[in-house]
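User: I would like a close look at one part of this model, the packing of one helix against others. Please set it in the context of the whole chain.

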Amino acid sequence: MNRIATILLTALAPVSWGTTYAVTTEFLPADRPLFTGMMRALPAGLVLLALARVLPRGVWWGKAAVLGALNIGAFFPLLFLSAYRLPGGMAAVVGSVGPLIVVGLSAVLLGQRPTARSVVTGLVAAFGVSLVVLKAAGALDAVGVAAAFASAASMSAGTVLTKRWGRPDGVGPLALTAWQLTAGGLLIAPLALLVEGAPPALDGRAVGGYLYLALANTAVAYWLWFRGIGRLTATQVTFLGPLSPLTAAVVGWAALDQTLTPVQLAGMALAFGATVAGQLGARPPARGSSGAPETDHRKASPDLTLSAPRR
C-alpha cells in the first residue's frame, strides 16, 4: 500500500475520535470518566484479543503493560475528565499541543533534534484548533486543564515508545492493539469501581453509545492508528491529531445545530493546513517482518526524525 493510502487510513482514527465529544455528551451518563474509559477500552481489547489469538511473550508483557497504560489506561480517563470539566472545547485546545510534546520527548528520549519546521507546524496546528473550538463563555477549571495536558502527554509518550519499540517478529498491529486496549482497560476497571462506585444503570442510548465507542471508535480506530505508527514516521502520525477537534466541530455543526463562524472556518483551514504540512517531506521507514524499522530498537530510529511529522 502506498504512503498516501496509509496516511488516509491512519487519518480515519482521529476523525473517528472527533465524534467522541458528541457521543459522550449526548448518549452517556454524566461524570463517569473512569467507567466510560473502561467501557471503551476493555471490551474492544477483548474482542481484538479473541481475533488475534496471540499473547505477549517475554519482555513484551512489560512493554504491552507500559504502552497500554500510556495510550489507554491513563489517556482515556484523563481525556474524559477534561471533557467533562472544561468549557468551550478547551480540552481539545490543550490536547492539541500533542505534536509539540512528541517533538520534545523525541529530543529528550531519542536524541532527535527538533527542527524549526516541526515546532512552527505544531504551533500553527494548536492555534488553528484554538480558533475552532474556544468560546468566550465559561471559567477554566484547573483540574480539567491539568487532566487535558496530562492526557496529551500520556498519549504522546505512548506514541514515541510505540514507534521506538516496534512489534515482536510475526506479530501484527491487531495483536499489539489488543494487548494495549486490554491492559489499559484492566488498569482502569478497579479504579472505576473504587472511585466511582458501582456501574450506573444504562438505558438504550447509553448502551448504543458504548457499543459505538468500543467497536468503531476504539477497536477499529486504534488498530488503524497503531498500524499507521508502524508504517509512518512518529511525527507524521501525531500531526494527524488535529483532525479530531476539527471533526468534532463539523459534527457539532451538522448534528447538534452549532454554528461555524468565519473565525472558526479560518482556524479549520490553519489546522488542516498544518496537518497536511506534517505529512510532507518525510520518508517512510524501511520495515522488517515485525512492521518496525529495520534498525536496532535500542537506538533512535530514523522514522522519528523531527524534520517530518507525526503527532
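In which hand, left-handed or right-handed, does α3 pass α10?

Analyst: The crossing of α3 past α10 is left-handed. The contact between α3 and α10 is made up of 23 nonpolar, 5 polar and 1 charged residues. The two axes approach within 7 Å, and they cross at roughly 150 degrees. Note that this is a predicted model.

Now the other partner of this helix, α5. Here the axes come within 8 Å and the crossing angle is roughly 135 degrees. Angles over 145 degrees count as roughly antiparallel and 65 to 115 as roughly perpendicular, with the rest above 35 degrees oblique. α3 and α5 are therefore oblique to each other. Their crossing is right-handed. On the α3 side, the contact is made by P33, L34, T36, G37, R40 and A41. On the α5 side, F76, P77, L79, F80, L81 and Y84 take part. Sorted by class, the contact of α3 with α5 holds 9 nonpolar residues, 2 polar and 1 charged.

The helices α3, α5 and α10 also share a role around α4. They are among the elements that cover the buried residues of α4, and α9 (142-165) and α11 (204-231) are included too. In residue numbers, α3 is 33-52, α5 is 75-85 and α10 is 173-196. The buried residues of α4 are W60, K63, A64, L67, G68, N71, I72 and G73. α4 itself covers residues 60-73. As a straight helix, its 14 residues would span 20 Å at 1.5 Å a residue. The model gives only 17 Å between the end C-alpha atoms of α4.

Helix α13 gives a second case. It takes in residues 243-255, 13 in number. Its C-alpha atoms reach 18 Å from first to last, close to the expected 18 Å. Buried in α13 are L243, S244, P245, L246, T247, A248, A249 and G252. Their cover includes α1, α2 (20-27), α6 (90-95), α8 (116-133) and α14 (262-277). After α13 comes D257, with a positive phi near 60 degrees.

Two single residues add detail. S16 sits in α1, which runs over residues 3-17. Its relative accessibility is 12%, so S16 counts as buried. Beyond its neighbours within four places in sequence, S16 contacts Y212, A216, N217 and A221. T159 lies in α9, one of the helices that cover α4's buried residues. With a relative accessible area of 1%, T159 is buried. From T159 to T235 the C-alpha distance is 9.2 Å, although 76 residues separate the two in sequence.

Finally, the whole chain. It has 14 helices and 0 strands. Of its 311 residues, 52% count as buried. Take the contacts between residues at least 6 apart in sequence: 90% of them join residues at least 24 apart.

Key. Residues are numbered from 1 along each chain as its sequence is written. This is a predicted model: local features need pLDDT of at least 70, side-chain atom pairs count only at pLDDT 80 or more; totals for chains, interfaces and linings use all residues. Side-chain values use heavy atoms; hydrogens and water are left out. Helices (H or I, at least four residues) and strands (E, at least two) are DSSP runs, numbered from the N terminus. The expected span of a helix is 1.5 Å times one less than its number of residues. Buried means under 20% relative accessible area, exposed over 50%, partly exposed in between (1.4 Å probe, protein chains only). Contact means heavy atoms within 4.5 Å. Axes are lines fitted to C-alpha atoms, for helices over the stretch in contact, and angles run from 0 to 180 degrees between N-to-C directions. A crossing is left-handed if the near helix is turned anticlockwise from the far one by less than a right angle, and right-handed if clockwise. Ala, Val, Leu, Ile, Met, Phe, Trp, Tyr, Cys and Pro count as nonpolar, Asp, Glu, Lys and Arg as charged, and the others, Gly among them, as polar.
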